[in-house]
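Reader: Please take one part of this model and look at it closely. I would like the helix packing, with enough of the surroundings to place it.

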Amino acid sequence: MRYLVAFGCSHTNGSMLDGVNAASEWNVRNGFPGMLAKKYDRELINISMPGGSNQYIFRSVLKYMHHYMDDDDDHMFLINWTGTTRFELRYPNQLDHLYFSKGDFKDEKTIPFSMGIKASLFTWKPAAELLRFGPYLFDVDLLSNKWASYAYNLQQILGLHNIPYLMSNTCDGMTRTDYNSPIIDNLCPKHYPHADDTEECLVTWLLKQGIEKTKCWHFREDGHKLWAGKLDGFIQELGYDK
Amino acid sequence: MRLVSFGDELTIKEDCHVPELAKSLNMDCLNLGKEDTSNEMIFTDITKFVCQNDMEDFFVLIGWTSPYRRDLYWKDTLFTYRPDRRDYVDNGVNAMHKFDVALFDEHLISQHWITYTLSIQKMLQSHNIKYYMYNTQNAFIYHQDVSKKIQAIDLTRYHNPLNQNSSMAYYLKEKNLPVDSPESAKTWADFLMAKIYAGDIL
């Protein structure tokens, strides 16, 4: 089988693709990852999650590789990094709380925890109240250093396993710091173009192209189509279209 | 060849096992362990070091620390937040203890730790860098969601991460040795050297 495996946040999950639903099966299957899967005649596996963090994306890639991937199949990975100020928490196993979202291989105990998220989205008081401690928990430089390390490690691992892949940013460019500059400088720009350029991330770039956003900062089919085209250009530069 | 070491407060003293091991291996020693660090910080420190250096001449020694540590950067200070510390200068940090159940979910922190170790193993392998890993004080927390990742870990280069008694602190405690004595340094260095030779790592 030939698969396109997409990792990311709500943008990769197709939130508001139909202009109505933050999460629906149609949105998950038909956003820019679905458009690229169709073009390259691959079945889509969409492991994205609304509110998903870079920490979640990093963990999900390695989890997919070791828990679900059959080496006999042909995989292409599309890793769409998200906003900096996010990380993941988890509802305790002994509690009934779940965070529902659509997509493949979901751990519905995972809590996407991000700066600015509505506390009402969490059904568990400790997670909701912890949002008040955002200034302590969401240091942009520290989280950017980690993000750069996630990206570099995954590049080496995917290279080691000869898995074709493309990385892109959806919400932010990676913030450069004294600490992470040597790591960013060692990222392969062909596999991860514009890693530290916010102007080139999905949200900023689509707005610059005149695409209208929804009230919750997502995009409909026209935006996804344009972004799929941009990523397709990078895929062709990598020679994955052959 | 040079030994470069990453780890926590148990790996940084001048007379600890790290320089002792370097001496036994006839290597120069570069100790980049930190007094206050987390496994995620060890992961990023190794990544940064690999990006900055020609690694052909280095043997990397990694002592993973407790998973119950979270990096915080607050008021120009980088430190770890831990459930067992109550003496943070800022009361806002101390107030977070009410939510430790959310910040240190065992199921999730074990997944993160194993993800870092597996990732570092693969990354070092991709560069043909020689290395050895051990735990300084804790063991992996085993559950179904980490089983496959644990199977993927190269155990010839990581001393028994699933067994608490295999961590440095417990191993020395079993032998009635305080972790910071010269005898402990020699005992653990000899132990690691035997593992490194048995695994044909160098």
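Author: What follows goes from the two chains to the contact between them, then to the packed helices and to some residues elsewhere in chain A.

The model is predicted. Chain A contains nine helices and six strands, while chain B contains eight helices and six strands. In sequence order, the elements of chain B run β-α-β-α-β-β-β-α-α-α-β-α-α-α.

Both chains can be set against the rule for a compact globule. For the 242 residues of chain A that rule gives a radius of gyration near 18 Å, and the chain has 17 Å, which agrees. For the 202 residues of chain B the rule gives a value near 17 Å, and chain B has 17 Å, which also agrees. Taken along its principal axes, the C-alpha trace of chain A spans about 50 × 45 × 40 Å. The C-alpha atoms of chain B fill a box of roughly 50 × 35 × 35 Å along its own principal axes.

In chain A, 48% of the 242 residues count as buried; in chain B, 44% of the 202 residues do. Long-range pairs can be stated for each chain in turn. Of the contacts in chain A between residues at least 6 apart in sequence, 73% join residues at least 24 apart. In chain B, residues 24 or more positions apart account for 71% of the contacts with a separation of 6 or more.

The contact between the chains draws 32 residues from chain A and 32 residues from chain B. On the side of chain B that touches chain A, at least two residues each come from helix H2 (39-52), strand S4 (70-74), helix H3 (91-95), helix H4 (100-103), helix H5 (106-126) and helix H6 (147-152) of chain B. H5(B) provides the largest share of that side, 11 residues. By class, the side of chain B that touches chain A has 14 nonpolar, 11 polar and seven charged residues.

H5(B) also packs against another helix of its chain. Two packed helices are described by the angle between their axes and the distance between the axes. For H2(B) and H5(B), the angle is about 15 degrees and the axes are 9 Å apart. An angle under 35 degrees counts as roughly parallel, and therefore H2(B) is roughly parallel to H5(B). The crossing of H2(B) and H5(B) is left-handed. From H2(B), the contact takes B:Asn39, B:Glu40, B:Phe43, B:Ile46 and B:Val50; from H5(B), it takes B:Trp113, B:Tyr116, B:Ile120 and B:Met123. Sorted by class, the contact of H2(B) with H5(B) has seven nonpolar, one polar and one charged residues.

Chain A has a helix pair to set beside this one. Helix H3 (residues 54-68) and helix H6 (residues 140-160) of chain A cross at roughly 20 degrees, and their axes come within 10 Å. H3(A) is therefore roughly parallel to H6(A). H3(A) and H6(A) cross in a left-handed sense. The residues that meet are A:Asn54, A:Phe58 and A:Val61 in H3(A) and A:Trp147, A:Tyr150 and A:Leu154 in H6(A). In the contact of H3(A) with H6(A), five residues are nonpolar, one is polar and no residue is charged.

Earlier in the sequence of chain A is helix H2 (residues 32-39), with A:Phe32, A:Pro33, A:Gly34, A:Leu36 and A:Ala37 as its buried residues. Among the elements that cover the buried residues of H2(A) are S1, H1, strand S2 (43-46), strand S3 (74-81) and helix H9 (221-237) of chain A. Just after H2(A), A:Asp41 has a positive phi of about 50 degrees.

One loop residue completes the view. A:Met16 sits in the loop between strand S1 (2-7) and helix H1 (25-30) of chain A. A:Met16 counts as buried because 24 C-beta neighbours lie inside 10 Å. Apart from its neighbours within four places in sequence, A:Met16 is in contact with A:Ala22, A:Thr214, A:Cys216, A:His218 and A:Arg220. The C-alpha atoms of A:Met16 and A:Lys213 are separated by 9.5 Å, although these residues are 197 residues apart along the chain.

Methods:
Residues numbered from 1 in each chain as written. Chains lettered and ligands numbered in written order. Predicted model: local features only at pLDDT ≥ 70, side-chain atom pairs only at ≥ 80, totals over all residues. Axes fitted to C-alpha atoms, helices over the stretch in contact; angles between N-to-C directions. Helix = DSSP H or I, 4+ residues; strand = E, 2+ residues; numbered from the N terminus. Parallel < 35°, antiparallel > 145°, perpendicular 65-115°, else oblique. Left-handed = near helix turned anticlockwise from the far one by under 90°. Contact = placed C-beta atoms within 7 Å. Nonpolar A, V, L, I, M, F, W, Y, C, P; charged D, E, K, R; others polar. Rg over C-alpha atoms; globule rule 2.2 N^0.38 Å. Buried ≥ 20, exposed ≤ 12 C-beta atoms within 10 Å, placed from the backbone.
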